[in-house]
Amino acid sequence: MKSVLVTGANRGLGLGLIKRIVTHTNQPKYIIGTCRDIEKAKDLQQIAALHPHIKILNLDVRNTETFENFAREVEDIVKEDGLNLLFNNAGYSPKSTRISFLKTEQLTETFQTNVIGPVMLTKALLPLLKKAAENSQKIFSVNSAAVINMTSVLGSIALNKEGGLYPYRCSKAALNMASKSLSLDLKKDGILVTALHPGWVKTDMGGPGAPLQIDESVTHIMNFVENLNETHNGGFYQYDGKKLDW
Ligand SMILES: NC(=O)c1ccc[n+]([C@@H]2O[C@H](COP(=O)([O-])OP(=O)(O)OC[C@H]3O[C@@H](n4cnc5c(N)ncnc54)[C@H](OP(=O)(O)O)[C@@H]3O)[C@@H](O)[C@H]2O)c1
């Protein structure tokens, strides 16, 4: 893998993924971490200062009108190598969303961040993903071209036993559907797409009661990602490779 891009890389799982990737023996040539406010992304800046192949780019995934420019910035970094791996990781979950308290804005903002952002960003970065796939004879693997959509088990319709969480559950269910469609549409280009649940993880979103540490989750995720093959295309998996029900 020559290049990887992680959205929402300033904290939580996104930062954990960057930290995990820089410790890998086979280093990608380029590791791109995006965040909404570079000034405030002190932890990410610190890692980038130690590893000059980490590039930090500014991106708010709700601002789809900036994606064309953003794709040019990514191209300036990866050039003819293209982009091997896109982690659509940035995500949002509003608190308290039982039906009686639900606000329209909560649904809108969550869909913008968790569905429209990842789908339109994948579209904007398609030429670079295609380039990477062509460079490696379109073999379905992370060394060719892959999109990992960070979804959630809470987006599973089959596994929903508790209701509530309308913005988050509905947005991740929609992201799951988008992942499936992308996997079918991009198969001919040799681009693999999967929906991946990172587990319930101790982050700002997961909260202190979550059973998994960030390290544990991202170690499993990277093991899974490194072993991706054609059978994973269009699937819904959790961090340890277990297949989940839609
Ligand atoms: N933690 C869990 O238990 C869990 C479980 C299932 C799925 N997930 C998924 O895993 C992914 C990462 O979650 P996390 O636990 O690391 O969450 P987190 O700690 O809350 O971090 C969320 C990240 O997304 C970024 N983000 C939010 N809105 C954004 C926007 N509009 N544009 C760009 N970046 C934005 C945040 O940036 P700012 O700092 O600028 O807000 C932050 O970097 C999410 O997609 C989440 O849904 C997490």
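A molecule counts as sitting in a pocket if more than half of its atoms lie within 2 Å of the pocket's grid points. By that yardstick, in this predicted model, the ligand sits in the largest pocket.

The shell around the ligand takes in 28 residues, and N10, R11, R36, Y168 and T203 come nearest. Sorted by residue type, the shell splits into 10 nonpolar, 12 polar and six charged residues. Two helices turn up here: α1, spanning 12-22, and α5, spanning 166-185, each put at least two residues into the shell.

The protein backbone joins in as well. At N89, a backbone N or O atom is found 2.8 Å from an oxygen atom of the ligand. For G91, a polar backbone atom lies 3.3 Å from a ligand oxygen, and for G199 the distance from a backbone N or O atom to an oxygen atom of the ligand is 3.5 Å. As for cover, the ligand on its own would expose 890 Å², and the protein buries 93% of that.

Now for the aromatic rings. A pair of such rings is described by how far apart the centres are and by the angle between the planes. The count comes to two aromatic pairs. In one pair, F224 with Y237, the ring centres are 5.2 Å apart and the planes meet at 45°, so the pair is classed as tilted. This pair ties together distant parts of the chain: F224 belongs to helix α6 (residues 214-226), while Y237, 13 residues away, belongs to strand β7 (residues 236-238).

Note on methods: Residues are numbered from 1 along each chain as its sequence is written. This is a predicted model: local features need pLDDT of at least 70, side-chain atom pairs count only at pLDDT 80 or more; totals for chains, interfaces and linings use all residues. Side-chain values use heavy atoms; hydrogens and water are left out. A residue is near a molecule or strand if one of its heavy atoms lies within 4 Å of it. A polar contact is a pair of N or O atoms within 3.5 Å; within protein, one must be able to donate a hydrogen and the other to accept it, and residues adjacent in sequence count only if both atoms are side-chain atoms. Accessible areas come from the Shrake-Rupley method with a 1.4 Å probe; for residues, only the protein chains shown count as cover. On a 1 Å grid over the protein atoms alone, a cavity is a set of points where a 1.4 Å probe fits but cannot get out, and a pocket is an open set with protein on both sides within 12 Å along at least five of seven lines; lining residues have an atom within 4 Å of a point. Helices (H or I, at least four residues) and strands (E, at least two) are DSSP runs, numbered from the N terminus. Ala, Val, Leu, Ile, Met, Phe, Trp, Tyr, Cys and Pro count as nonpolar, Asp, Glu, Lys and Arg as charged, and the others, Gly among them, as polar. Rings of Phe, Tyr and Trp (its six-membered ring) pair if their centres lie within 6.5 Å; planes under 30 degrees apart count as stacked, over 60 as edge-to-face and the rest as tilted.
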